[in-house]
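Trainee: I'm new to this one. Could you take me through a single part of it up close, the open sheet, and then show me a pocket for contrast?

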Amino acid sequence: MECRHLLIFFGSMVWLGLFATTPAHAGADDGPISRIAILDFQDGTSGKTTPAEILSLSDLVRGVARDVLPTDRYLLMTRENIQQMLPPGRTLSDCVGDCAVETGRNPGRRLRRDRRNGGVRRSVARHLSLHETGRGSLVGSARAGAPDLLGIERDLRARAQELLLKLRALAPESGGQADDAAPQPRPSPEAWTAPGATRVVVSFASEPAGAIVEIDGQPVGETPCKRALATGVYRLGLKKVRYVAHEQSLEVRAGAAAAVSVALTPDFGWLTVESEPAGLAVTVDGEDWGSTPVTAREVGAGAHDVQVGSSNHHPAQRSVVVTRGQRETVRLSPVPRNGGLMIVAVDAKGNAAEGRVLVDGRDVGAVYEPLTVLQGRREVAVKGPAGSWKGQATIVEGQMQEMSVTLAAPATASGTVVKLVEIPAGSFMMGSPTSETGRDGDEQQHRVEITRASSCRN
């Protein structure tokens, strides 16, 4: 007899067909092998479901078929094998319509749309049905669905297993051919097992720590932490302020170690600002950052305006783009606000004198030379063979001023010269006698004894 032809339609916004063809015989002692063809889902969502999602759902059902159907009785066909079985001129996409009729008396696509607020809610695999293609009769059906793709995958896997087990029960498990009119065997009773899914302890860690852990959009803790999750596929999210949100698919399997560790990508970078000279005021996007140098300060990713200057320097500005997790350095040399100074130096006799000019302690040139000096009130000193001079000058930007100074020789400097002498060992009377004129009350005369000579040099 001929093996039953079976057709499964998984329908809603997209559909998939699965059918068993005429058996291919194996060895002489083996029973027939039914070829199982699983057609890819076809997009019925007007583009709301991506091609990658459609292929993922199709491959999910193929994986279920490999797990449920024994390989000695069923041969899972490739996409190329299915194409070769179609009538001439047909393609796999044609099987949505009349090609399915030729394969097994098309029972209908059983497309279903959920209308809410006048629109079509994104949903797939809402209705699954198993048909016998020989008669086109319904053998079994199930409903599957969820509001998101990960939930649909979990529900679709469970519903597909149920229907494929029905398919397995329809075909004989031993050699020989099945009679289409023969009644189906009743399933053997099974021992009761505790219901519920296995839970697995999953550890979550992040660098840096302190990220919020979300499972299917619901917060469950903060890294580092551990949570017991039922086996299945989840949508995992890790969120932390000033870091890029991380999302991934998380599959929890019984008996498998489950640990997630993620290095979060900072939603900021680091900016260093330097200037010549150093010590100038820095503003970034109008915010005061102190004075240069500013090293590796955190800034948000994007473009920033950097400005460096002072009361004695014209502002210098530059825009810089800081990339997430990257370091940028800005070096600026603001234009100084300069004025001019010339020192005319003479000695004590009125003769022109040579010497070096120091402004704020720094040698800037020689006397009788036009000198460029930063504006403001400055300490000025002149040093030369004829002597030295110190004073102050107020420098004005863009103006030249001349100062006349007289160098004073060190020998003519005012003050008292103290000569130190040696004191020999011995004793003497110190203080004022009572008969001395102008004597104060605390100047009482007393004896002082020197036990060792003290020598001092000028």
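Mentor: Sure. First, a bit of vocabulary: two strands count as paired if DSSP finds at least two bridges between them. Keep in mind too that what you're looking at is a predicted model.

With that rule in hand, find the open sheet of 4 strands, which goes in the order β13-β12-β15-β16 with antiparallel pairing. Its edge strands are β13, covering 218-222, and β16, covering 246-252, and each of them pairs on one side only. Ignoring direction, neighbouring strands in this sheet are turned against each other by 30° on average.

Now zoom in on the β16 end. Strand β15 spans residues 232-239, and 7 bridges join β15 to β16, the two running antiparallel. If you want one pair to click on, try leucine 238: its bridge partner in β16 is histidine 246.

Now for the pocket, the second largest one, with a volume of about 230 Å³. Its lining is made up of His313, Pro336, Asn338, Val359, Asp360, Arg362, Val364, Thr372, Val373, Leu374 and Arg378. Sort those by class and you get 5 nonpolar, 3 polar and 3 charged residues. Strands turn up here too: β27 (362-366) and β28 (371-374) each supply at least two residues of the lining. The largest share, 3 residues, comes from β28. So when you rotate the model, start from β28 to find your way into this pocket's lining.

Terms used:
Residues are numbered from 1 along each chain as its sequence is written. This is a predicted model: local features need pLDDT of at least 70, side-chain atom pairs count only at pLDDT 80 or more; totals for chains, interfaces and linings use all residues. Side-chain values use heavy atoms; hydrogens and water are left out. On a 1 Å grid over the protein atoms alone, a cavity is a set of points where a 1.4 Å probe fits but cannot get out, and a pocket is an open set with protein on both sides within 12 Å along at least five of seven lines; lining residues have an atom within 4 Å of a point. Grid points are joined across faces, edges and corners, and a volume is the space filled by probe spheres set on the points. Ala, Val, Leu, Ile, Met, Phe, Trp, Tyr, Cys and Pro count as nonpolar, Asp, Glu, Lys and Arg as charged, and the others, Gly among them, as polar. Axes are lines fitted to C-alpha atoms, for helices over the stretch in contact, and angles run from 0 to 180 degrees between N-to-C directions.
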